[in-house]
Amino acid sequence: MWRKAAGAALLALAVGYFYHTNPELPEQVLQYLSLPHPSTQGDPTLEQVISTAWETLITAPSSQWGRVAVGVNACVDVVVSGIGLLQALAVDPGLGRDHEVLHSKEDLKEAFIHYMERGSAAERFFTDKEVFQRIARAAAEYPGAQLYVGGNAALIGQKLATYPQLMVLLCGPVGPKLHEMLDEQIVVPPESLQETDEYHLILEYKAGEQWGATRAPQANRFIFSHDVSNGEMRALEMFVASLDEFQPDLVVLSGLHMMEGQGRQMWEQRLKEAVAAISDVRNAVPVHLELASMTDKDYMNSIMQEVMPIVTSIGLNEQELLFLSQAGTGPHAELASWGGIPDVGRVSDILLWVLEQHGRSDPESEADLTRIHFHTLAYHVLATVDGHWANQVAAVAAGARVASIQACGLQSIDASKVVLRAPLEFHSSHGEPREKLSLNPTEPVTVWHRGNVTFHLAPVLVCKQPLRTVGLGDAISAEGLVYSEIRPQLPFL
């Protein structure tokens with residue numbers, strides 16, 4: 001008993017000291033300190049307070065999707081220990097170096113180390129088919145290797161298929177193994193079926209895992225493949241052609257990043273064809289574009305200029321957001337990397353810039369882009385142009401919740417297995433004028449406005465020992481879309 005009393009006294013002294021030296025302590029933090037403290041057995045932790053609040057915040061939209069069409073990248077993921085596989089390939093540790101395209105085992109090792117030491121995800125194309133097949137065989141035979149549904153489109157389709165009210169169409173290169181693993185609720189057109197599967201190798205590493213002098217600051221993965229079907233987006237036209245019959249309420253498109261490894265001449269031509277295909281989707285149907293890791297600034301800039309204005313929504317992570325700004329010389333393009341948890345003000349600046357330059361933040365703009373779902377390890381932000389989307393508080397909270405649940409491999413949040421890493425205080429912009437904001441654990445979605453764009457930030461309860469990191473971004477975007485509602489717009493006269 002005396003220990004609890006002493007602890008309470010120390011806490012009171014500490015709060016008194018900090019309040020005396022910093023009377024600007026945010027009201028929300030003081031509110032949390034007034035909650036029952038977890039030093040008493042059975043009282044809620046900060047993580048429990050947030051997860052409980054989510055149950056109230058996350059409500060279904062008044063109007064829900066019924067039919068969702070998803071395409072076009074699909075494959076079988078071979079998930080294996082990255083360090084273990086490289087050691088099995090008789091590769092020695094060394095220095096990291098990024099490669100836009102991989103040509104050899106040495107390139108693979110250098111790129112893997114480059115991203116492992118940063119704790120960042122990346123995806124690359126492996127040019128040598130025979131060498132890739134030898135590595136793939138070694139991966140499949142490696143102890144503990146596991147096969148999963150892979151490809152952003154297939155993963156988003158799988159997540160959407162967990163909602164029985166949704167009918168999901170998946171178009172992409174679907175081989176026999178992938179077809180066997182897909183949820184039976186997913187409709188695959190006969191034209192999508194092929195005789196062989198496309199395999200992607202997922203080299204995972206854990207937080208603190210070490211190889212030579214390289215130590216991973218957090219759990220993540222490095223993905224590579226020799227996947228020509230997805231690399232050339234061969235299913236794109238067939239995907240768009242299937243929409244007339246399927247009549248979706250929502251279209252989700254992914255796989256553009258796969259074309260980067262095919263060379264400039266190919267991606268320039270296919271990007272024009274992709275723009276023409278996307279433009280054929282009837283105007284009333286929103287299109288969500290899911291981005292992924294890229295390294296070619298010209299290619300990213302082309303996507304920004306040609307594709308983003310004709311889609312309604314995009315999903316991306318912190319690396320993709322910063323690279324997008326670097327490619328388009330946007331805000332904070334001088335940053336080489338985020339260097340830890342991305343600053344909320346800088347993220348807000350780049351999101352606003354994208355919606356201003358390539359979206360419909362200006363009501364007179366002809367662009368369609370009105371929504372961006374940003375996700376990073378510690379928090380998520382949904383930025384929407386006012387008047388176009390509803391239920392975004394629930395949508396961003398739902399995305400944060402599924403990140404916690406899926407990373408831990410659970411059906412619901414276990415507060416003892418997660419930790420809050422989001423900042424308790426942050427700003428609406430890195431520059432001036434800016435608003436000082438704070439996280440309220442009892443209402444854990446922070447909202448602010450910049451012009452006619454509204455931002456919604458939800459903290460993530462980060463899994464302490466994640467079981468699997470692959471597909472988290474796809475699950476986050478899918479969940480956010482399920483809880484989103486698009487508002488019908490009056491036609492221009």
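**Close-up 1. Helices α13 and α14 cross in a left-handed manner.** Welcome to this predicted model; here we look at how two of its helices meet. Helix α13 covers residues 318-327 and helix α14 covers residues 344-358, and their axes lie 10 Å apart at an angle of about 60 degrees. Angles of 65 to 115 degrees count as roughly perpendicular, so α13 and α14 are described as oblique to each other.

**Close-up 2. Side by side, α13 and α14 share a contact made by residues from both helices.** From α13 come Leu321, Leu324 and Ser325, while α14 brings Val347, Ile350, Leu351, Trp353 and Val354. Sorted by class, seven of these residues are nonpolar and one is polar, with no charged residue taking part.

**Close-up 3. The largest cavity holds about 90 Å³ of space.** A search of the whole structure turns up two cavities of 30 Å³ or more. Around the largest one you will find Glu100, Glu123, Arg124, Phe125, Ser225, His257, Met258, Glu260, Gly261 and Ser293. Strand β4 (residues 122-126) gives the largest share of this lining, with three residues. The lining is a mixture: four charged, four polar and two nonpolar residues.

**Close-up 4. The second largest cavity holds about 40 Å³ of space.** Its lining consists of Leu236, Phe239, Val240, Val251, Leu253, Ile278, Val281 and Val287. Two elements, α10 (236-246) and β12 (250-254), each give two or more residues to the lining of this cavity, and the largest share, three residues, comes from α10. By class, the lining of the second largest cavity has eight nonpolar residues, with no polar and no charged ones.

Notes: Residues numbered from 1 in each chain as written. Predicted model: local features only at pLDDT ≥ 70, side-chain atom pairs only at ≥ 80, totals over all residues. Heavy atoms only, no water. Axes fitted to C-alpha atoms, helices over the stretch in contact; angles between N-to-C directions. Helix = DSSP H or I, 4+ residues; strand = E, 2+ residues; numbered from the N terminus. Parallel < 35°, antiparallel > 145°, perpendicular 65-115°, else oblique. Left-handed = near helix turned anticlockwise from the far one by under 90°. Contact = heavy atoms within 4.5 Å. Nonpolar A, V, L, I, M, F, W, Y, C, P; charged D, E, K, R; others polar. 1 Å grid on protein atoms, 1.4 Å probe; cavity = no way out; pocket = protein on both sides within 12 Å on 5 of 7 lines; lining within 4 Å. Points joined across faces, edges and corners; volume = space filled by probe spheres on them.
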